[in-house]
Amino acid sequence: MHRVKTISRRKFLAAGTMTGVAAGAASSPALGLIGLQPPAEVDLLISGCDIVTFDKADRVVTDGAIAVQGNTIAWIGAANDAAGLYRAKQTINARGLIAMPGLTDTHYHTAQQFLRGVHKVSHKKGPDWKTYLIPFETGLEPEDVYCSGIAGYTSMISCGTTCFLEAGGPHPDEMGRAADEVGIRGRIALNTCDIDGPGGPLPKSHIMTTSQALKENEALVKRWQKNPRVNAWLSLRQILVNTEELRVSMSHLAEELDTTIHTHLSEETDEVDYTIENYQLRPPGYFDKIGIFNKRLHCAHSVLLTDAEVDLYARRDVSVAHCALWNYFLAPHQIYAMTRQNVRVGLGTDGPGSRGTLDMFQVMHYAVMGTAIANSMPYHSFQLPLDYAQMLKIACVNGARVANLESKTGCLEKGRLADIVLVGRNDFDQYPSTDPLVTLAEMTTGRDVRTVIVDGRVVMKDREFLTLDMEPMRRRMAKQYKVILDRYDRAIS
């Protein structure tokens with residue numbers, strides 16, 4: 001019987017020829033029945049790749065195969081065994097590729113997608129969200145948001161992201177329509193503000209009554225609750241533009257609907273000053289005092305935190321999106337302390353309003369360097385607090401935890417949803433590629449992604465999308481883009 005080489009991360013380099021048991025089949029007699037039973041029918045067989053599983057044993061399967069039935073991984077094992085065990089409706093020859101779990105972007109703004117290339121990080125004149133981002137969102141028509149979704153979600157898929165968590169924006173049903181057509185997994189949300197907040201009025205289209213905000217959020221969640229991939233979360237834009245009545249009522253609604261609230265917290269200094277002045281507490285302490293700081297709260301950025309506040313995140317099981325491309329413009333981030341306390345912290349791009357790219361591999365590389373600058377360099381230590389492989393695992397496993405999908409995605413093993421990314425390993429910038437984990441963690445960017453499967457469906461193959469034609473979106477935007485930018489220029493002038 002041929003046995004699959006499965007290699008733990010800790011032993012990979014030292015024991016490159018170590019032999020083990022097929023991942024996902026250790027307790028199954030299936031391998032012993034090769035040749036004695038007819039091959040089982042499966043929908044998809046991916047064969048010949050090395051597989052970085054990120055399962056509990058951190059197994060790496062060399063020259064492996066993955067069988068998919070419906071939307072679920074049915075088996076992981078040796079490529080040589082796969083042909084005797086399974087007959088597939090569709091087969092992907094993945095030799096020369098590495099299979100890994102799909103990534104989760106834990107903080108994204110769909111409606112800001114067409115700020116890509118326009119919003120310069122180095123030329124800002126005031127609070128980012130109020131001076132630039134909300135004025136841009138205000139000028140969008142429903143079809144603009146749909147096109148933003150098509151552009152953004154295909155960009156994500158092309159970089160290996162299979163799930164996104166929307167922060168909250170205008171026309172969220174158009175986001176859902178786009179996500180459904182692209183084939184990505186996601187959580188959409190509605191921009192929710194019920195007061196202007198300090199620093200001048202918001203556009204009227206961005207303000208709702210408290211009652212209206214609750215009703216529209218509830219209706220959105222209910223409209224999308226039966227979709228198998230795309231659902232809706234509740235949203236609070238941020239502490240400066242929400243009333244206490246809305247915060248508390250939204251928390252009760254999250255319990256009632258069994259869902260999550262996506263918000264921004266402890267991102268910028270004006271937010272911290274505001275809560276101290278008005279409530280005599282910093283943002284996490286204030287949220288805890290009014291009873292809404294709990295497992296149903298997902299807090300983007302969470303940069304300006306004390307050690308005691310990190311402890312509070314851990315005790316209350318509050319999740320975090322660390323947007324490394326933006327957060328280090330604000331302050332050193334506490335991701336290292338958070339991981340040591342098992343806080344559900346994932347990585348996010350923050351959308352093109354930050355640096356333009358939706359490439360989560362680049363976010364990971366920034367996060368490794370930022371963590372080293374904050375936690376190693378000041379002490380003349382050459383040890384990375386979180387190395388590249390650990391950060392990749394955070395993006396996969398913790399991303400799934402943040403999305404409340406920890407039992408369904410985040411690793412490759414039997415019974416998990418088939419969200420699978422196939423990555424090339426033969427680019428000039430990757431040669432020589434001898435360790436699949438090191439190649440993924442240190443030598444890969446989004447453009448190395450070749451094929452993406454979401455929910456068992458091949459969405460992109462050899463960098464061509466199979467789920468939709470993008471030309472209608474591009475034709476519309478060739479005409480509409482100037483209209484959007486003209487509205488934006490008038491709004492910020």
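## The hairpins near β18

Strands β18 and β19 (residues 464-465) are joined by two bridges and run antiparallel. This is a predicted model, so please read everything below in that light. Across this pairing, lysine 461 stands opposite glutamate 464 in β19. The two strands form a hairpin with two residues between them, and aspartate 462 takes a positive phi near 50 degrees there.

β18 (residues 457-461) also has a partner in β17 (residues 449-454): three bridges join these strands, again in an antiparallel arrangement. Here valine 454 faces its opposite number, arginine 457 in β18. β17 and β18 make a hairpin as well, with two residues between them, and aspartate 455 in the turn has a positive phi of about 60 degrees.

## Strand β12 and its partners

Let us move to β12, where five of the five residues are buried, so the strand is largely enclosed by the rest of the structure. Which residues lie on each of its two covered faces? Ile261, Thr263 and Leu265 are on one side, while His262 and His264 are on the other, and all are buried.

β12 pairs with β11 (residues 234-238) through four bridges, and the two run parallel. Leucine 236 stands opposite threonine 263 in this pairing. To get from β11 to β12 the chain passes through helix α6 (residues 244-257), giving a β-α-β crossover that is right-handed. β12 is also paired with β13, in the parallel sense and over five bridges. In that pairing, histidine 264 is found opposite alanine 300 in β13.

## Helix α9: a covered side and an open one

Next comes helix α9 (residues 307-316), whose buried residues are Glu309, Val310, Leu312 and Tyr313. These four cover an arc of only 155 degrees around the axis, which puts them on the same side of α9. The general background is helpful here: an α-helix has 3.6 residues a turn, so residues three or four places apart point the same way. On the other side of α9, Asp307, Ala308 and Arg315 are exposed.

What covers the buried residues of α9? The cover includes the strands β12 (261-265), β13 (297-301) and β14 (319-322), together with the helices α8 (283-289) and α11 (335-340). After α9 comes aspartate 317, whose phi is positive, near 60 degrees.

## The nonpolar cores

The largest nonpolar core has 107 residues, and Tyr153, Leu347 and Leu392 touch the most other members. Helix α3 (residues 142-158) contributes the largest share of this core, eight residues. Leaving out residues up to four places away in sequence, tyrosine 153 touches Tyr108, Thr110, Phe164, Met175, Ala178, Ala179, Val182 and Ile184. There is also a second, separate core of 19 residues, with Ile73, Ile92, Ala94 and Ile453 among them.

## A look at valine 397

Our last stop is valine 397, which sits in helix α13 (residues 388-402). Is valine 397 buried or partly exposed? With a relative accessible area of 24%, valine 397 is partly exposed, because buried means under 20%.

If neighbours within four places in sequence are left aside, valine 397 is in contact with Phe54 and Gly410. Valine 397 and methionine 460 are 63 residues apart in sequence, and their C-alpha atoms are 22 Å apart in space.

Definitions and conventions
Residues numbered from 1 in each chain as written. Predicted model: local features only at pLDDT ≥ 70, side-chain atom pairs only at ≥ 80, totals over all residues. Heavy atoms only, no water. Buried < 20%, exposed > 50% of the residue type's maximum accessible area, 1.4 Å probe, protein only. Arc of directions from axis to C-beta. Contact = heavy atoms within 4.5 Å. Pairing = 2+ DSSP bridges. Right-handed = clockwise from strand over helix to strand, strands pointing away. Core = buried A, V, L, I, M, F, W, Y, C linked by side-chain atoms within 4.5 Å.
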